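These are my notebook entries on a structure that I went through chain by chain. I set down what I looked up and what I found.

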Amino acid sequence: MFTELNSILNATPDSFTQGEFILVSDRQSDASFLIHHFLSFYLRARCKVCFLGLVQSFSHYSAISQRLGVSLTQAREKGQLIFLEGLKESLSILIPQETTTGSQAMDFLRDPTVGLQRLYEFVRSSVSSDGGGEEGVEEWGPPVLLVDDVSVLLSLGVSAGAVLDFSHYCRATVCSQLQGNIVMLVRCHGEEAEDDGSDEGSEWLLKGLTHQCSLTLHVQGLPTGYCRDIHGQVEVCWRRRRGDGQHTQKKLFQYKVHDKGASFFAPGTSSAVL
Amino acid sequence: MAAPVSSVGKPSAERPPFSSTSFQKKTRSKLISIPGTRPSVQNGQLLVSTGVTSLDYLLGGGLAVGTVLLIEEDRFDSYSRMILKYFLAEGVVCRHELFVASAQDNPDDILQELPAPILDDVAIHKPVEQPRLSCEPQDNLDAMKIAWRYQNLPKVQSALASSSRFGHYYDVSKTMEPEIRQAAKCHRFYLPEHPTQSSTTHSRMIESYSALLKSLQEVIHREGFDLSTPMSMSRNILRVGLHSLGSALWNDDLSCHDDPMHSHALTTFLYGLRALLRSSLSVAVVTVPSHLIQDQALMGNITRLCDNAIALESFKGSERETNPLYKDYHGLLHVRQVPHLNCLASQLPDHKDLAFKLKRKQFSIEVCCQRLRAYSNKEQHYLNM
């Protein structure tokens with residue numbers, strides 16, 4: 001977890017806002033480093049984490065989390081982490097075999113028009129507690145759902161509407177019912193105005209998810225161009241709902257990703273410049 | 001997983017010439033070295049060479065095992081095809097296995113066009129010749145004049161089984177000799193030879209991609225490239241070359257229509273390909289005719305489902321061919337994406353304006369500072385790659 005980001009978001013593993021839907025988005029850059037931050041953050045906060053790793057293998061996340069000080073294999077063994085390895089599960093569906101093993105969470109690959117119901121059921125069964133029947137089962141904190149990333153579902157043929165339905169169902173279960181948190185990564189490309197208004201598109205998905213969420217972190221490249229020392233800028237936007245209506249607060253930071261973390265600083269105060 | 005080095009082991013660069021004692025150091029872990037690979041200095045990833053040393057540098061030292069390199073084809077598919085051939089030729093020289101798939105040309109034709117390696121230190125495995133009897137007519141040139149007592153001993157190539165160098169140079173004016181090429185095991189997938197199955201596919205992929213994915217998985221399982229199979233003494237890398245995916249010859253209409261019917265066929269296939277590669281010791285190079293695909297968002301999706309991505313833009317046939325600014329280059333090269341696997345930070349190249357030139361013995365990629373050429377026509381900035 002990145003300590004500077006914790007102070008920006010005013011969150012520590014011991015105290016963080018519950019019931020939050022955090023949307024991480026990027027445009028022509030890579031915001032996956034924030035997913036690693038949230039993964040290690042919530043594991044350290046002793047939450048029960050359900051991670052939908054749709055684009056990379058388990059060992060990729062495990063290797064990076066190791067550098068951030070958290071062991072994913074241990075967390076999985078203890079039952080704190082439930083990891084859906086999308087790539088591995090998809091092979092048995094994409095290349096039809098006689099015996100179908102594994103969870104049916106990736107069933108949408110068979111016919112994407114059906115929607116993400118099975119995936120939602122997988123999430124629901126993962127985050128709801130087992131009912132305390134076993135002895136010696138550790139009690140974990142509120143459940144957290146992490147999705148990396150949601151845009152690949154669009155590439156695999158799922159409509160943006162189905163993805164929005166899925167996120168709405170997850171939000172109802174995880175955030176409202178169980179007072180847990182959700183973090184989703186959405187990736188866009190191209191300029192914002194380029195979308196020609198077609199129904200399915202990452203722009204529409206981004207707008208829909210932005211409306212549903214309570215905190216967005218939008219990662220972009222620098223507007224002045226490519227720079228080796230500053231990897232881009234992050235715009236943090238709080239969309240807290242208060243009694244007197246929407247209260248939106250925005251902050252802009254520049255960031256640089258290193259081997260073991262990322263540093264965030266106010267624009268223009270990079271160590272390369274000062 | 002893109003194979004981390006800890007499970008495979010570093011290639012042993014130095015080997016003791018002979019063991020002087022019978023004492024063998026017991027190693028706790030079975031380190032298996034695969035020829036033609038080396039660990040990355042950044043994150044310990046196992047890397048193979050693409051066959052083009054300047055491209056290896058751009059990609060952070062080489063292609064990580066378990067990843068896909070996407071090459072956006074130039075307009076006439078000349079230079080992208082050349083890089084694909086370099087990739088396969090490097091596989092032959094490193095004694096890797098090859099899997100070539102194409103819908104347009106027979107894979108055998110592609111394999112026959114592989115460039116010849118420049119053979120300073122590449123060992124060629126010649127079959128051991130029979131010892132000649134002294135009464136047989138001998139080649140006068142081979143007759144030894146001084147050490148004639150050793151004339152009749154069998155000739156043995158005592159060179160290494162494969163070159164210990166990482167990345168070789170090729171002479172594009174010659175094709176690889178058949179005996180070198182046939183030493184490497186090649187698996188082929190030629191689409192016209194696979195009749196379309198009448199059964200409906202189980203996903204958004206079209207039949208041609210399904211058949212290709214299935215064939216690739218069969219090869220991986222059969223030849224033991226799967227990471228889940230128990231480690232045997234010798235492991236090898238499978239180099240997969242997929243030519244011109246997304247073109248109409250693969251029965252895909254991505255490059256034909258603005259609003260294609262099979263808009264998710266190629267992306268679903270690439271997802272399945274990533275799944276296969278992450279769980280095996282293989283590396284893939286895929287070429288896509290991106291200049292025919294109108295939808296930029298779709299190209300963005302395709303790029304993101306591959307790990308490395310470069311785009312070639314050749315000057316041939318365009319007005320830049322006669323432009324004196326570009327007279328030293330054959331085209332521009334854009335690095336679209338460089339992955340960061342098993343680590344947080346990626347190694348983007350320092351410069352974004354890159355141009356390539358196909359010389360006889362080298363495919364060179366240089367920084368192209370043409371925009372700064374307002375002042376002098378003669379100065380050029382070469383980055384020694």
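The entries below cover the chains, the cavities, and then single residues.

**Entry 1. Chain A overall**

I began with the status of the coordinates: this is a predicted model. I then looked up the confidence for chain A and found a mean pLDDT of 86, with 88% of its residues at 70 or more. One stretch I marked for caution: residues 131-135 of chain A have a pLDDT below 50. Beyond near neighbours in sequence, that stretch has zero contacts in the model.

For secondary structure I noted nine helices and nine strands in chain A. Of its 274 residues, 56% are buried. I also looked up how its contacts are spread along the sequence. Among contacts in chain A with a separation of 6 or more, 69% involve residues 24 or more positions apart. The accessible surface of chain A is about 12,200 Å², and carbon and sulfur atoms account for 46% of that.

**Entry 2. Chain B overall**

I repeated the same look-ups for chain B. I recorded eight helices and 14 strands. Chain B has 385 residues, of which 50% count as buried. For contacts with a separation of 6 or more, I found that 73% are between residues 24 or more positions apart. Its accessible surface comes to about 19,300 Å², with 52% belonging to carbon and sulfur atoms.

**Entry 3. Cavities**

How many cavities of 30 Å³ or more are there? I counted seven. The largest cavity has a volume of about 180 Å³. Its lining comprises 19 residues, and those nearest its centre are Gln42(B), Asn43(B), Leu59(B), Gly60(B) and Pro339(B). I sorted that lining by class and obtained eight nonpolar, 11 polar and no charged residues.

I then turned to the second largest cavity, which holds about 110 Å³ of space. It is lined by 15 residues, and Leu9(A), Ala11(A), Glu20(A), Ile22(A) and Tyr42(A) are the closest to its centre. Here the classes came out as nine nonpolar, four polar and two charged. Which elements of chain A each supply at least two residues of this lining? They are α1 (3-9), α2 (32-44) and β7 (232-242). I noted that α2(A) gives the most, with four residues.

**Entry 4. Backbone geometry**

Most residues other than glycine have a negative phi, and most peptide bonds are trans. I therefore looked for departures from this pattern.

Asn10(A) has a positive phi, near 60 degrees. I located Asn10(A) in the loop between α1 and β1 (21-27) of chain A. Asn342(B) also has a positive phi near 60 degrees, and I placed Asn342(B) in the loop between β12 (331-337) and β13 (354-358) of chain B. Is each of these residues buried or exposed? Asn10(A) has a relative accessible area of 68%, over the 50% cut-off, and so is exposed. Asn342(B) has a value of 8%, under the 20% cut-off, and so is buried.

I also recorded a cis peptide bond between Asp148(A) and Asp149(A), with omega about -15 degrees. Asp149(A) lies in the loop between β4 (143-148) and α7 (151-155) of chain A.

**Entry 5. Selected residues**

I looked up Ile230(A) in the loop between β6 (215-220) and β7 of chain A. Ile230(A) counts as buried, because its relative accessibility is 8%. Apart from neighbours within four places in sequence, Ile230(A) contacts Leu222(A), Gln254(A), Tyr255(A), Phe265(A) and Ser270(A). I also checked the C-alpha distance from Ile230(A) to Gln97(A): they are 47 Å apart in space and 133 residues apart in sequence.

In chain B, I found Thr303(B) in helix α8. Thr303(B) is buried, at 11% relative accessible area. Setting aside neighbours within four places in sequence, I listed its contacts as Leu70(B), Glu72(B), Ala309(B), Arg336(B) and Gln337(B).

My last look-up was Asp295(B), in the loop between β10 (282-288) and α8 (296-305) of chain B. Asp295(B) has a relative accessible area of 37%, which lies between the 20% and 50% cut-offs, so I entered it as partly exposed. Its C-alpha atom is 8.4 Å from that of Asp259(B), a residue 36 positions away along the chain.

Definitions and conventions: Residues numbered from 1 in each chain as written. Chains lettered and ligands numbered in written order. Predicted model: local features only at pLDDT ≥ 70, side-chain atom pairs only at ≥ 80, totals over all residues. Heavy atoms only, no water. 1 Å grid on protein atoms, 1.4 Å probe; cavity = no way out; pocket = protein on both sides within 12 Å on 5 of 7 lines; lining within 4 Å. Points joined across faces, edges and corners; volume = space filled by probe spheres on them. Nonpolar A, V, L, I, M, F, W, Y, C, P; charged D, E, K, R; others polar. Buried < 20%, exposed > 50% of the residue type's maximum accessible area, 1.4 Å probe, protein only. Contact = heavy atoms within 4.5 Å. Areas by Shrake-Rupley, 256 points an atom, 1.4 Å probe, with all protein chains shown as cover. pLDDT = per-residue confidence, 0-100.
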